[in-house]
Amino acid sequence: MLVAVVAVAAYKFGLRQTATPPGASVPPSESAPAATAKTAAAAVPSPVQPQREPLEKALALREAGKLAEAREALYVLLAKGGETQFVTEIQKALGDLNMQLLLTPSPAPEKVDYVVQSGDSLGRIAKIHNTTIEVIQKVNSLRETIIQPAQRLRVTPTKFAVAVSKAQNTLLVSNDGKFFKLYRCGTGQYSTTPVGTFKIADRIPSPPWWKDGQTIPFGSKENVLGKYWLALDIPHYGIHGTWEPETIGRQSSQGCIRLINEDVEELFIILPVGTPVQVTE
């Protein structure tokens, strides 16, 4: 009787029994070394992505001041793709690098040297090269818009386009069909942001806002437009900044496309009038 009680107790507590019921199969026991190896294997982290080394090399090129070479290396990596987090990291590095190349005198294949002609203005030169006065001023360290004949200016021709996804609340800037920079944005609640292909029709710093027939000046707490306004060629719609950064990434505006003020300032600087803007669901 005592033996029976001990056997039952051992079974309940998972103790090893010497006797095996008739017809029962005996599972093979795992040796201690095998169990240890199995545990160690489970603890080993997943191998580093093979693209990681090329990314580090591209970032090293950037740190060494070889910006154009670093950009090309990042484009190669972006074309190969990978896990979402890895692609996002490449896009972030590439976006920052593209802005650095565009707004500094750093050499790049697409940049040209322009000799100012009699009767030229920064506005005329910017229009010829499909860029903005602000970009030319930054690259050439010009505090004023006054230029002189025979003066040499470094100019970057561009072919910018903007693609806005309402579902993802993202704004993608491309240049000549290639990725330039990706921004998070906010769009209209209840799907009020219109879908279609538009153009930037005007660029306004410190914009006033019109509400219920009244003009609300820039700086007023009731003015929701932030620091810059890029008007679209559809009445009452545009891309603008916001004083409410927590609304970015959501469908919460009255129909316009909003970004944080720092991001819309970048767009204001680089995007000329006439830039196409495509909005999709």
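**Figure 1. T132 and the residues it touches.** In this predicted model, T132 touches A126, R203, I269, I270, L271 and P272, if you skip residues up to four places away in sequence. You'll find T132 in the loop between helix 6 (residues 122-128) and helix 7. Is T132 buried or exposed? Its relative accessibility is 3%, and the cut-off for buried is under 20%, so T132 counts as buried.

**Figure 2. The whole chain, for orientation.** Before zooming in again, take a look at the full chain: it has eight helices and 14 strands. Of its 281 residues, 38% count as buried. Now take the contacts in the chain with a separation of 6 or more: 59% of them are between residues 24 or more positions apart.

**Figure 3. Helix 5 and what covers it.** Helix 5 runs from residue 84 to residue 103. With 20 residues at 1.5 Å a residue, it should span 28 Å, and its end C-alpha atoms are 29 Å apart, so the two values agree. Its buried residues are F86, V87, I90, A93, L94, G95, L97, N98, M99, L101, L102 and L103. What covers them? The cover includes helix 3 (52-63), helix 4 (67-80), helix 7 (133-139) and helix 8 (261-270), along with strand 3 (160-165) and strand 5 (178-184).

**Figure 4. A closer look at L94.** L94 lies in helix 5. It has a relative accessible area of 0%, so it is buried. Which residues is L94 in contact with, leaving aside its neighbours within four places in sequence? They are R71, L74, Y75, L78, F179 and F180. Pick out L74 for a moment: L94 and L74 are 20 residues apart in sequence, yet their C-alpha atoms are 6.4 Å apart in space.

**Figure 5. The two sides of helix 3.** Helix 3 has twelve residues and reaches 17 Å from its first C-alpha to its last, close to the 16 Å expected at 1.5 Å a residue. L55, A58 and L59 are buried in this helix. Why do they line one face? Seen down the axis of helix 3, the buried residues fall within an arc of 95 degrees, so they sit along one face of the helix. A handy rule helps here: an α-helix has 3.6 residues a turn, so residues three or four places apart point the same way. On the face turned away from the buried side of helix 3, look for the exposed residues E53, K57 and E63. Helix 4 and helix 5 are among the elements that cover the buried residues of helix 3. Just after helix 3 comes G65, which takes a positive phi of about 85 degrees.

**Figure 6. Helix 3 against helix 5.** The axes of helix 3 and helix 5 come within 12 Å and cross at roughly 15 degrees. Angles under 35 degrees count as roughly parallel, so that's the label for helix 3 and helix 5. Helix 3 passes helix 5 in a left-handed crossing. On the helix 3 side, R52, L55, L59 and R62 meet F86, E89, I90, A93 and L97 of helix 5.

**Figure 7. Helix 5 against helix 8.** Helix 5 and helix 8 pack at an angle of about 40 degrees, with their axes 12 Å apart. That angle makes helix 5 oblique to helix 8. The crossing of helix 5 past helix 8 is left-handed. M99, L102 and L103 of helix 5 make the contact with E266, I269 and I270 of helix 8. You've already met I269 and I270: T132 touches them too.

Methods. Residues numbered from 1 in each chain as written. Predicted model: local features only at pLDDT ≥ 70, side-chain atom pairs only at ≥ 80, totals over all residues. Heavy atoms only, no water. Helix = DSSP H or I, 4+ residues; strand = E, 2+ residues; numbered from the N terminus. Expected span 1.5 Å × (residues − 1). Buried < 20%, exposed > 50% of the residue type's maximum accessible area, 1.4 Å probe, protein only. Contact = heavy atoms within 4.5 Å. Arc of directions from axis to C-beta. Axes fitted to C-alpha atoms, helices over the stretch in contact; angles between N-to-C directions. Parallel < 35°, antiparallel > 145°, perpendicular 65-115°, else oblique. Left-handed = near helix turned anticlockwise from the far one by under 90°.
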